[in-house]
Every structure is written in C-alpha cells, then in structure tokens.
Amino acid sequence: MSSLLRRISKSLASLIWGDEEPVLDDNQIQLIRNSWEKVEKGDLQETGLVVFKRLFEIAPYLRDRFPFGHNPESKGLRTHALGVMETVGVAVKNLDNPVILKNKLLELGQFHKPFGLTDTDYQNVGAAILWTLAAGLGEDFTPETKDAWGAAYGYIQKTMEEGSQ
Ligand code: HEM
C-alpha cells in the first residue's frame, strides 16, 4: 500500500473507530465471517444448545445460575442459547462497525448486571463457544481462525463487562 493510501485508510479507520482501536485486522474479520457463514447454515438455536451443554460440562457450577435451569428442554434455556448465538452473529456482522457493535454490547452487559457475572463466567462461555466452533468446523478451524475468534469473543466479553460496571 502506498503511504498516501495508508494515511487515507488510517484516517478513515479513526473516523469509524473514534478512539477505539480495531480489535481485529481485516484478515481476522474475513476468517471469522467465512466460518460464521458455515455456522449460520445450520440451526443457530441447536448450535447454541451445544454451547450450553458444553458449558455445563466444563463449568457445572453455572448450572444453577440461570433462573430457567439447565435442562435443554427448558424454554428459557433455548431462548438464551439462541440469544447468545444471535449476539455473536451481530458481532460478526458489525466487526467493522464498532459504534453499533459497542453500544449493543454495552447495553447487553448492563442488562446482565443483576446476574453478577465474573470474568471466569464469561471466559467459560467463551471456551464453550470456541469448543463448539472447533467441533462444527473441523479442519476449517485453523489456529489462525481460533485466534481470531478468541479476539472477537474477548471483545464481546470486555465490552459487556464494561457495560455492567
Ligand atoms: C454465565 C453467563 C450468563 C448468565 C448467567 C446469563 C444470564 C441471563 C439471564 C438470566 C437472562 C434473562 C433471561 C430472561 O429474561 O428470561 C439473560 C438474557 C440474555 N443473555 Fe445472558 N447470561 C450469560 C451470558 C451471556 C452472554 C455471554 C451473552 C452474549 C454473548 C448473553 C446474551 C443474552 C441475551 C441476548 C439475552 C436476552 C436479552 C434481552 O432479553 O433483552 N448472555 N442472560
């Protein structure tokens, strides 16, 4: 890229991001979008239920943290499983639109404030999401793709936590 182009793209980025530093580079955004396309071809709620099944295996203490319980038949659990996946979908679509993304995540974090989530709770949800992606995507879940998803979920976590301050 020429230095003029680089300067233009830098000022465009600062217009879009304001004070925010982009969390992902273009290549990472592309890796995430490619893999999410495959996830979206399936049933998002069923995938969300796999996430929660995994979550309750790796972090059994979370089973009692949901007012609707941890039974996969529970309507509340099914709705929450879909809600989490839809949030990830919104994040994927807005990775290059941080103003919209940040506000949505701040609001969602604020909504979760009464549930008193800790870093560890969030990290466990992230681990369950990444595990489910790895299981579903197989070879396509390359180390680079995994890192990109780790950064994307890290941003979701960080911003929700900020919203619940
Ligand atoms: C251990 C972690 C979490 C707990 C204990 C938790 C708990 C809850 C509870 C109790 C509700 C309200 C459900 C209802 O009104 O019936 C809720 C709603 C919701 N949660 Fe979570 N949550 C967690 C993590 C997350 C994460 C990481 C995301 C997103 C990535 C998320 C996305 C949502 C969404 C989209 C809703 C619906 C919000 C609305 O009704 O406007 N949750 N959560």
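Helices (H or I, at least four residues) and strands (E, at least two) are taken as DSSP runs and numbered from the N terminus. Gly154, for example, is found in helix α7. The structure is a predicted model, in which local features need pLDDT of at least 70, side-chain atom pairs count only at pLDDT 80 or more, and totals for chains, interfaces and linings use all residues. Residue numbers start from 1 along each chain as its sequence is written.

The chain contains 7 helices and 0 strands, and its pattern along the sequence reads α-α-α-α-α-α-α. Of the 165 residues in the chain, 20% are buried. A residue is called buried if 20 or more other C-beta atoms lie within 10 Å of its own, exposed if 12 or fewer do, and partly exposed in between, with C-beta atoms placed from the backbone. Two residues are in contact if their C-beta atoms, placed from the backbone, lie within 7 Å. Among contacts between residues at least 6 apart in sequence, 76% join residues at least 24 apart.

The largest nonpolar core has 25 residues. Such a core is a set of buried Ala, Val, Leu, Ile, Met, Phe, Trp, Tyr and Cys residues joined through C-beta atoms within 7 Å. The residues with the most contacts inside this core are Ile32, Val51, Ala81, Ile129, Trp149, Ala152 and Ile156. At least two core residues are supplied by each of α2, α3 (44-58), α4, α5, α6 and α7. The largest share, 7 residues, comes from α7. With neighbours within four places in sequence left aside, Ile32 is in contact with Val92, Leu95, Ala148, Trp149 and Ala152.

Helix α2 (residues 26-41) packs against α7 with axes that come within 9 Å and cross at roughly 95°. Here the axes are lines fitted to C-alpha atoms, for helices over the stretch in contact, and angles run from 0 to 180 degrees between N-to-C directions. The crossing makes α2 roughly perpendicular to α7, a class that covers angles of 65 to 115 degrees, whereas those under 35 degrees count as roughly parallel, those over 145 as roughly antiparallel and the rest as oblique. On the α2 side the residues involved are Gln28, Leu31, Ile32 and Ser35, which meet Glu144, Thr145, Ala148, Trp149, Ala151 and Ala152 in α7. The residues of this contact divide into 6 nonpolar, 3 polar and 1 charged. In this classification Ala, Val, Leu, Ile, Met, Phe, Trp, Tyr, Cys and Pro count as nonpolar, Asp, Glu, Lys and Arg as charged, and the others, Gly among them, as polar.

Further along α7, Gly154 is partly exposed, with 15 other C-beta atoms within 10 Å. The C-alpha atoms of Gly154 and Val23 are separated by 9.0 Å, although the two residues are 131 residues apart along the chain. Glu162 is also found in helix α7 (residues 143-163). Glu162 counts as partly exposed because 13 C-beta neighbours lie inside 10 Å. Leaving aside neighbours within four places in sequence, Glu162 is in contact with Leu106 and Gly109. Between Glu162 and Gln110, 52 residues apart in sequence, the C-alpha to C-alpha distance is 8.3 Å.

Leu105 is placed in helix α5. Leu105 counts as buried because it has 24 C-beta neighbours inside 10 Å. Outside the four nearest places in sequence on either side, Leu105 is in contact with Ile156, Thr159, Met160 and Gly163. The C-alpha atoms of Leu105 and Glu162 are separated by 8.9 Å, with their positions 57 residues apart along the chain.

The ligand is surrounded by 17 residues, of which the closest are Arg65, Gly83, Val84, Thr87 and Asp121. A residue belongs to this shell if its C-beta atom, placed from the backbone, lies within 6 Å of the molecule. Two or more shell residues are given by each of α4 (75-93), α5 (98-112) and α6 (119-137). The largest share, 5 residues, comes from α4. By class, the shell has 10 nonpolar, 5 polar and 2 charged residues.

Ser74 lies in the loop between α3 and α4. Ser74 is partly exposed, with 16 other C-beta atoms within 10 Å. Apart from neighbours within four places in sequence, Ser74 is in contact with Phe68 and Gly69.
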